[in-house]
Amino acid sequence: MFCTVPPPVTLVKTVKKPFKKFSSDLSNLPPVPAIDAFQRGYEVESILDIVQNTDKKQFLLIKFKDLLEPELVHIELALERVPHLLFDFYQEYVQAWQKLNQQKGNASLSI
């Protein structure tokens with residue numbers, strides 16, 4: 001008889017605000033888990049943002065399928081595990097920043 005085991009409970013604390021793509025509240029980021037979601041067998045749903053800590057280490061805020069909260073993942077680990085998703089994320093990221101800069105430029109022209 002085959003028995004399924006439910007996925008392990010996430011090690012991430014509850015986040016007070018919902019996360020939106022490219023709008024991380026740096027004061028409200030989850031801690032980096034001791035055992036990452038890749039090791040716990042989860043698949044990436046989407047990459048939400050990129051952040052850098054005070055030591056200049058870069059992390060991606062990633063939403064994993066079947067986990068309620070996104071997790072911080074060191075960028076090198078994401079490069080090993082999901083390089084194809086990083087390419088798409090960076091394209092979106094650059095486009096979002098270009099759009100934001102255009103909006104700022106248009107706003108300053110109308111003042």
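Student: Let's start with Ile-75. Is it buried or exposed in this predicted model?
Tutor: Ile-75 sits in helix H1. Its relative accessibility is 9%, and the cut-off for burial is under 20%. So Ile-75 counts as buried.

Student: Which residues does Ile-75 contact, leaving aside neighbours within four places in sequence?
Tutor: Skip the residues up to four places away and you get a short list. The contacts of Ile-75 are Ile-50, Gln-58, Phe-59, Leu-60 and Tyr-90.

Student: And how far apart in space are Ile-75 and Leu-61?
Tutor: Along the sequence, 14 residues separate Ile-75 and Leu-61. Going from C-alpha to C-alpha, the distance in space is 9.5 Å.

Student: Which residues of the largest nonpolar core touch the most other members?
Tutor: That core has 17 residues. The elements giving two or more residues to it are S1, S2, helix H1 (75–81) and helix H2 (83–109). The residues that touch the most other members are Leu-60, Ile-62, Phe-64 and Ala-78.

Student: What does Leu-60 touch, leaving aside its neighbours within four places in sequence?
Tutor: Among its contacts are Ile-47, Asp-49 and Ile-50, along with Glu-71 and Val-73. The list also includes Leu-72, Ile-75, Ala-78, Leu-86 and Phe-89.

Student: How many residues are in the other core, the one that lies apart?
Tutor: Leu-48, Phe-59, Leu-61 and Leu-72 are among its members. The size of this other core is 6 residues.

Student: Now the strands. In what order do they stand in the sheet?
Tutor: The sheet is open and built of 3 strands, with antiparallel pairing. S1 and S3 stand at the edges with a single partner strand each, so one side of each has no neighbour in the sheet. From one strand to the next, the twist averages 35 degrees. Read across, the order is S1-S2-S3.

Student: Over how many bridges do S2 and S3 pair?
Tutor: S2 and S3 run in the antiparallel sense. One of the residues with a bridge partner in S3 is Phe-59, matched with His-74. The number of bridges between S2 and S3 is 4.

Student: How many salt bridges are there?
Tutor: Side chains of opposite charge can pair when their charged atoms come close. Here the cut-off is a nitrogen within 4 Å of a carboxyl oxygen. By that rule, the count is 3.

Student: How far apart are the closest N and O atoms of Glu-71 and Arg-40?
Tutor: Glu-71 lies in strand S3 (residues 71–74) and Arg-40 in the segment before strand S1 (44–52), so the pair ties together parts that are 31 residues apart in sequence. Glu-71 is buried at 0% relative accessible area, and Arg-40 counts as buried at 13%. The closest N and O atoms of this salt bridge are apart by 2.6 Å.

Student: Which residue forms a salt bridge with Lys-65?
Tutor: In this salt bridge the closest N and O atoms are 3.7 Å apart. Lys-65 is in the loop between strand S2 (58–64) and S3, and its partner is in the segment before S1, 22 residues apart. Lys-65 is partly exposed at 38% relative accessible area, while the partner is exposed at 52%. That partner is Glu-43.

Student: Which side chain meets Lys-63 in a salt bridge?
Tutor: Lys-63 belongs to strand S2 and is buried, with a relative accessible area of 16%. The partner lies in strand S1, so the pair ties together parts that are 18 residues apart in sequence. The partner is partly exposed at 47%. At 4.0 Å from N to O, the side chain that meets Lys-63 is Glu-45.

Student: What else does Lys-63 touch, not counting residues up to four places away in sequence?
Tutor: Glu-45 is one of its contacts. The list also includes Val-44, Ser-46, Leu-48, Leu-68 and Pro-70.

Student: Which element has the lowest mean pLDDT?
Tutor: The protein averages a pLDDT of 78, and 72% of the residues score at least 70. Over residues 1–18, pLDDT stays under 50. Among the elements, H1 has the highest mean, 95. The lowest, at 84, belongs to H2.

How values were computed. Residues are numbered from 1 along each chain as its sequence is written. This is a predicted model: local features need pLDDT of at least 70, side-chain atom pairs count only at pLDDT 80 or more; totals for chains, interfaces and linings use all residues. Side-chain values use heavy atoms; hydrogens and water are left out. Buried means under 20% relative accessible area, exposed over 50%, partly exposed in between (1.4 Å probe, protein chains only). A nonpolar core is a set of buried Ala, Val, Leu, Ile, Met, Phe, Trp, Tyr and Cys residues joined through side-chain atoms within 4.5 Å. Contact means heavy atoms within 4.5 Å. pLDDT is the predictor's confidence in each residue, from 0 to 100. Two strands pair if DSSP finds at least two bridges between them. Axes are lines fitted to C-alpha atoms, for helices over the stretch in contact, and angles run from 0 to 180 degrees between N-to-C directions.
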